[in-house]
Amino acid sequence: MPDSKALSDFLDRLRPAPASVLLLDYDGTLAPFRVERDRAYPYPEVVPIIEQLVDLGKTRVVIISGRPVAEVKDLLHPLSGIEMWGAHGLERVMPDGSYHRSSIPRDAADLLAQAHKWVMNAKLTPLAEIKPGGIAIHWRGMSKAEAESIEARVTEGWMAIARSPELKLLKFESGVELRVSRPDKGDAVAAVLSESDPAAPIAYLGDDLTDEDSFHALNGRGLTILVRPEYRSTAAQVWLRPPRELIEFLQQWLRRMG
Ligand SMILES: [Mg+2]
């Protein structure tokens with residue numbers, strides 16, 4: 001269950017810390033969901049706070065998203081010069097703009113091509129998002145009955161392909177994604193941790209089932225925060241309701257760094 005002492009203890013550690021690390025999911029965490037996914041802009045208070053945090057130079061801010069990194073960059077415009085991981089950790093852009101993308105095993109790429117073909121034959125292309133290392137089917141905005149019917153079709157259609165150990169079928173809040181088994185968001189968190197001073201306070205904020213890998217990777221070493229209007233069972237230590245409690249948390253972080 002949520003632990004408010006964990007939150008206040010963490011904030012107490014921030015003020016004297018010479019360095020800190022703020023890890024952020026994007027959709028549902030910094031930005032409200034929208035049926036038009038290309039218009040899911042952040043809450044208006046978010047970008048100025050992150051800009052100030054980056055300017056103060058004591059917080060390494062890192063976005064870790066399931067989206068391709070180019071989309072997150074566009075949605076966070078004019079914010080620039082921060083580290084971003086996209087496609088669940090498959091892509092990485094550094095603050096100086098340099099880009100790295102992990103390669104996908106050949107077998108996994110062939111299976112994803114088969115899954116894409118199935119989507120086209122099933123005439124589900126309008127719901128599909130093809131991204132590095134995965135294919136997502138989105139049903140946000142549909143009725144419960146429609147969503148359930150699509151989920152059943154996709155799960156059935158991809159069943160044989162998804163059995164491969166190279167791939168996994170991820171359920172998220174309003175869709176499913178077939179993608180490479182690794183990396184996941186927890187791998188991105190582990191990579192950032194390996195590069196960070198063990199004494200630096202570090203927190204991760206996320207909303208979705210895919211953020212549970214991050215919570216597990218960080219628990220015991222940093223603060224994990226579920227950002228969500230309603231509570232659900234989670235490995236995160238703390239629960240914040242967006243946008244008000246999220247903005248307050250970011251403002252408190254900024255105040256302690258200033
Ligand atoms: Mg999210």
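**Exercise 1. Which residues does Leu-205 touch, not counting residues up to four places away in sequence?**

Before the solution, two conventions are needed. The model is predicted, so local features need pLDDT of at least 70 and side-chain atom pairs count only at pLDDT 80 or more, while totals for chains, interfaces and linings use all residues. Residues are numbered from 1 along each chain as its sequence is written, and side-chain values use heavy atoms, with hydrogens and water left out.

Step 1. Contact means heavy atoms within 4.5 Å.
Step 2. By this rule, Leu-205 touches Leu-22, Leu-23, Leu-24, Asp-25, Thr-29, Ile-225, Val-227, Leu-246 and Phe-249.

**Exercise 2. Place Leu-205 in the largest nonpolar core.**

Step 1. A nonpolar core is a set of buried Ala, Val, Leu, Ile, Met, Phe, Trp, Tyr and Cys residues joined through side-chain atoms within 4.5 Å. Buried means under 20% relative accessible area, exposed over 50%, and partly exposed in between (1.4 Å probe, protein chains only).
Step 2. The largest core has 40 residues; Leu-205 is among those touching the most other members, together with Ile-63, Ile-225, Phe-249 and Trp-253.
Step 3. Helix H8 (residues 244-257) gives the most to this core, namely seven residues. Helices (H or I, at least four residues) and strands (E, at least two) are DSSP runs, numbered from the N terminus.
Step 4. A second, separate core holds 21 residues, including Trp-139 and Trp-158.

**Exercise 3. Identify the donors of the magnesium ion.**

Step 1. Donors are N, O and S atoms within 2.8 Å of the metal (3.2 Å for Na, K and Ca); water is not among the atoms, so sites may look incomplete.
Step 2. Asp-25 (OD), Asp-27 (O) and Asp-207 (OD) coordinate the ion at 2.1 Å.
Step 3. The spacing of these donor residues in sequence is D-x1-D-x179-D.
Step 4. Asp-25 and Asp-27 are both buried. Asp-25 is also one of the residues that Leu-205 touches.

**Exercise 4. Is Ser-80 buried or exposed?**

Step 1. Ser-80 belongs to the loop between helix H3 (69-76) and strand S3 (83-86).
Step 2. Ser-80 counts as exposed because its relative accessibility is 58%.
Step 3. From Ser-80 to Val-47 the C-alpha distance is 10.0 Å, with their positions 33 residues apart in sequence.
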